[in-house]
Amino acid sequence: MRIAIIVCCVLIWFGVSSEAQAQALVGKVADDQGLLLPGATITIAPVNEPFSSALIGVVTTLDGTYSADLSPLSGRDVIVTCSYIGLEKKQVELKNLQGNAYTLDWVLAASAEMLEQVVVSAGRFEQSAKKVTVSVDVLPPRIIESRGTTSLETALEQNPGVSFVDGEPQIRSGSGFSYGAGSRVMMLVDDLPVLSGDAGRPTWGFLPLENIEQIEIIKGASSVMYGSAALSGVINIRTRYPDARPLTRISVQHGLYSTPQSAQAKTWDGFGQQSNVRFVHSQRAGKWDVVVAGNILGDDGFLSPLVENETDTASSAYRPWIVDRYGAENRARVNANIRRRETGVAGLTYGLNTNWQRGESQNTLIWESAPDHIYGSYQGATTHVNQTVGTVDPYIEYAAPSGFRHALRNRWQYLNNDNDNDQSNASHVFYSEYQLNGHGQNWGLEGLNFSAGLVHLLAFSNAELYSGGSSDGNNRGRNVAAYLQVDQSFAERLNVSAGMRYEHFEVNGSGTGKPVFRAGVNYQLAEATYLRSSFGQGFRFPTIAERYIRTGLGSLQVYPNEELNPEFATSGEIGLKQGVKFGRFQGFLDMAVFRQDFDDYIEFTFGQWGPDDGEPPTLENALGLGFKSINTGKSRVTGAEISTTGRIETDRARFDIIAGYTYTRPISLTPNYNYNPDSTGTVTTYYNTSHDTTNLILKYRSPHLVRIDVQATGAKWFGGVSVRYQSKLQNFDEAFILFEAEDIADIEWGLAGWLDSHPRSPWLVDVRIGRQWNEHHRLSLIVSNLANSEYVIRPLAIEQPRLTQIMYTYEIK
């Protein structure tokens with residue numbers, strides 16, 4: 001910890017104290033819309049000597065300006081090159097440099113290489129996606145805007161390698177099902193975490209959809225840059241700031257859920273409906289950038305009315321602001337981003353982002369019974385929630401004349417779940433991070449970039465739900481960390497990165513710390529061929545929820561585990577990204593093989609964790625049986641992935657394509673490990689808690705994932721199709737079968753019969769088509785689950801039937 005802090009402080013001192021270069025060549029860089037470009041690169045090299053040791057390079061500051069000392073090249077002919085990722089590169093030749101000053105202003109247009117993607121998440125500075133050392137996918141905003149997305153996970157599940165089990169994200173089978181406690185995927189909005197302070201999970205409907213620049217997905221352990229929850233990867237939502245043109249966009253959509261395939265399971269009249277309105281306005285106001293956006297959603301859901309409303313004909317009517325059905329919800333959200341773009345100090349900017357949402361929902365986890373009541377809810381397995389969630393994010397950034405960038409980012413996150421079943425919980429998270437980004441030009445190290453930072457997080461939780469063990473429901477968590485990552489490029493072909501982080505966690509006075517490391521390399525084999533390899537470590541401390549949760553779902557009890565140990569992971573990958581041009585198709589083909597090993601792996605597992613008082617099993621006491629988060633020993637995930645992104649241009653239309661196939665083999669390496677060594681009862685292991693132990697496959701994983709999305713755009717029309725396949729879960733908790741088979745607490749879920757009659761998962765197809773009437777008006781028809789397939793991902797939780805929507809969008813730009 002001391003070494004990491006000393007290294008960070010030394011770099012910070014250099015960043016503050018380095019002096020600006022003498023000015024001989026000055027100017028500014030902008031795009032063809034007049035937007036000044038920070039981070040553009042200016043290089044000056046002797047003619048015919050592009051790799052000369054005399055090469056000079058500078059980077060534009062936040063106001064798009066630059067200056068370079070030309071004295072080392074006096075009297076020589078030079079080539080000056082200006083470049084910015086995603087825009088065209090320009091060059092100017094200057095002959096016989098003398099002592100006078102030169103001024104060069106640049107205007108860069110869009111790059112002819114239209115598939116160039118820029119990512120920030122891999123190293124905290126802008127890089128070309130094809131040159132990073134890890135697997136990074138970029139999900140464009142069209143996936144959200146054209147599909148009528150109302151919650152972010154329905155867009156993310158279209159990305160290769162990403163899947164969900166009951167709203168819990170998996171990247172390449174790195175996670176299972178954990179009853180909403182703990183995540184191995186770090187969720188970020190503009191580099192700041194948005195996981196709750198107690199359960200460590202995101203609120204999907206809270207994440208802003210109205211103003212997204214792009215979504216970056218890192219696959220594999222990323223704890224060096226992003227901390228504990230990034231054990232299997234990172235999802236970073238990057239929002240958009242205004243450019244020279246103001247933007248106003250309003251979208252209104254309304255949809256109907258179709259009658260389920262099992263008509264006998266529909267115990268209500270009418271159709272569930274959904275309405276959604278979202279808006280965004282962004283513009284520059286003098287020296288300020290302002291974005292205001294919001295969303296209002298009313299959703300009946302597709303499940304049955306509440307038991308007490310089954311005979312109420314009014315419950316069949318569409319009442320979007322009354323939550324009277326299982327799965328129904330309504331919510332309203334508003335967010336604003338304000339940035340002072342130009343200040344009295346060159347390179348200094350500051351701002352405030354905030355996002356607030358109020359919602360109500362009726363959540364259920366287990367159906368009543370199959371096949372006739374799969375759209376109902378099992379007694380005790382439903383929760384009525386009134387939720388308030390919000391964030392306030394002040395920040396300040398300074399780009400020093402030396403090229404070093406300093407940023408202090410802060411977040412206060414508030415969450416209050418007012419539940420109706422003695423499971424209410426509220427939390428505050430106070431997060432601060434100091435970041436330093438710089439390059440090595442001041443030290444004569446061309447091609448060097450580094451990112452360093454210090455992190456402090458403090459979480460307070462007050463929860464009836466998290467009052468198990470020694471906790472009285474008032475819990476406190478703290479995390480401090482320091483990190484450093486260095487990226488070095490050599491001759492524009494070889495990129496090498498290495499990083500380290502030390503992290504210390506504490507919950508209610510119990511804590512531990514551990515360093516983690518990563519390294520990677522990317523080598524350009526040919527003009528459009530990039531070979532990469534990476535190694536990374538991850539370290540995740542258990543959340544407050546995993547350690548202290550105490551609740552019940554009918555007869556299924558959930559127990560705390562104060563003795564839960566942190567889990568540790570190592571991941572490795574070898575990948576190849578190949579540029580492809582075939583006829584009118586241009587794009588990239590990406591192939592990767594990967595492996596991730598876990599120690600002290602945490603799984604939400606069924607067993608006899610509570611006392612058996614000898615009484616007959618009832619709804620309140622099922623022989624002490626229930627679920628608990630426990631360490632299950634060692635596990636391993638291996639697999640391979642192939643994906644492509646590309647575009648086909650014709651005279652009449654453009655076709656954008658994202659497609660991929662992911663195969664994973666997640667297995668237990670310690671199937672005989674006793675999860676409950678202190679118990680005097682039955683030994684609890686992988687074997688006797690798993691439904692299907694063939695090949696030792698871990699629970700709640702799908703070994704095969706297929707993702708395809710094609711968007712066609714013409715002059716006045718557009719359309720698209722999305723295809724998803726997620727193979728059936730081979731393994732899950734045997735308890736879901738055992739409770740019914742042994743007639744514990746009179747449970748009759750009908751799960752075994754359902755699984756026998758539905759042996760395969762369906763291929764899901766979504767379609768969309770629309771017309772652009774003019775530059776302001778757009779109308780779309782969107783159909784999700786076109787075949788109206790009836791299926792489950794997690795046992796006892798039916799998925800959404802067909803949803804048909806009409807969406808109208810009005811835009812001024």
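**Exercise 1. Strand S14 and its sheet**

Strand S14 covers residues 185–189. Determine in which sense S14 and S15 pair, and over how many bridges. Then place both strands in their sheet.

Solution.
Step 1. The pairing of S14 with S15 is antiparallel and runs over two bridges. The model used here and in the exercises below is a predicted one.
Step 2. Within this pairing, Leu-188 faces Pro-193 of S15.
Step 3. The sheet is open, has five strands with mixed pairing, and follows the order S11-S16-S17-S14-S15.
Step 4. The edges are formed by strand S11 (135–139) and strand S15 (192–193); each has a single partner strand, so one side of each lacks a neighbour in the sheet.

**Exercise 2. A residue of S14**

Val-189 lies in strand S14. Decide whether Val-189 is buried or exposed, and list what Val-189 is in contact with beyond its neighbours within four places in sequence.

Solution.
Step 1. The relative accessible area of Val-189 is 10%. Buried means under 20%, so Val-189 is buried.
Step 2. With neighbours within four places left aside, the contacts of Val-189 are Val-194, Leu-207, Pro-208, Asn-236, Ile-237, Thr-239 and Arg-411.
Step 3. Ile-235 is 46 residues from Val-189 along the chain, and their C-alpha atoms are separated by 8.5 Å.

**Exercise 3. The partners of strand S1**

Strand S1 spans residues 25–31. Find which strands are joined to S1 by bridges, and in which sense each runs.

Solution.
Step 1. Strand S7 (residues 102–103) runs parallel to S1, with two bridges between them.
Step 2. Strand S4 (residues 65–68) runs antiparallel to S1, with four bridges.
Step 3. Strand S8 (residues 106–108) runs parallel to S1, with three bridges.
Step 4. Single residues show the pairing in detail. Val-26 has Thr-103 as its bridge partner in S7 and Ser-67 as its bridge partner in S4. Ala-30 is opposite Val-107 of S8.
Step 5. S1 is mostly covered, with five of its seven residues buried.

**Exercise 4. Two buried residues with polar contacts**

Tyr-700 and Asp-709 each have a side-chain polar contact. For each residue, state its place, its accessibility and its polar partner.

Solution.
Step 1. Tyr-700 sits in the loop between helix H6 (686–689) and strand S39 (704–714). Its relative accessible area is 2%, which means that Tyr-700 is buried.
Step 2. The side chain of Tyr-700 makes a polar contact of 2.7 Å with the side chain of Asp-733.
Step 3. Beyond its neighbours within four places in sequence, Tyr-700 is in contact with several residues, including Val-165, Gln-170, Phe-177, Leu-729, Phe-736 and Arg-794. Ser-173 is 527 residues from Tyr-700 in sequence, with a C-alpha to C-alpha distance of 8.7 Å.
Step 4. Asp-709 lies in strand S39. Asp-709 is buried at a relative accessible area of 0%.
Step 5. A polar contact of 2.4 Å links the side chains of Asp-709 and Ser-722. Among the contacts of Asp-709 outside four places in sequence are Arg-142, Arg-147, Gln-158, Asp-656, Val-721 and Arg-768.

**Exercise 5. A loop residue**

Locate Ser-178 and say whether Ser-178 is buried or exposed.

Solution.
Step 1. Ser-178 is in the loop between strand S13 (168–171) and S14.
Step 2. The relative accessibility of Ser-178 is 13%, so Ser-178 counts as buried.
Step 3. Not counting residues up to four places away in sequence, Ser-178 touches Glu-168 and Phe-604.

**Exercise 6. A nonpolar patch**

Name the residues of the nonpolar patch on the surface and the strands that each supply at least two of them.

Solution.
Step 1. The patch is formed by Ile-250, Val-252, Val-277, Phe-279, Val-292, Ile-296, Trp-321 and Val-334, which together have about 630 Å² of accessible area.
Step 2. At least two patch residues come from each of strand S18 (247–257), strand S19 (273–285) and strand S20 (288–299).
Step 3. Phe-279 belongs to strand S19. Its relative accessibility is 35%, so Phe-279 counts as partly exposed.

**Exercise 7. The whole chain**

State how many helices and strands the protein chain has, and what share of its residues is buried.

Solution.
Step 1. The chain has eight helices and 43 strands.
Step 2. Of its 813 residues, 57% count as buried.
Step 3. Among contacts with a separation of 6 or more, 67% are between residues 24 or more positions apart.
Step 4. The accessible surface is about 32,200 Å², and 55% of this surface belongs to carbon and sulfur atoms.

Methods: Residues numbered from 1 in each chain as written. Predicted model: local features only at pLDDT ≥ 70, side-chain atom pairs only at ≥ 80, totals over all residues. Heavy atoms only, no water. Pairing = 2+ DSSP bridges. Buried < 20%, exposed > 50% of the residue type's maximum accessible area, 1.4 Å probe, protein only. Contact = heavy atoms within 4.5 Å. Polar contact = N/O pair within 3.5 Å; in protein donor to acceptor, adjacent residues only side chain to side chain. Patch = residues over 30% accessible without salt bridge, like charges linked within 9 Å, V, L, I, M, F, W, Y side chains within 5 Å. Areas by Shrake-Rupley, 256 points an atom, 1.4 Å probe, with all protein chains shown as cover. Salt bridge = Lys/Arg side-chain N within 4 Å of Asp/Glu carboxyl O.
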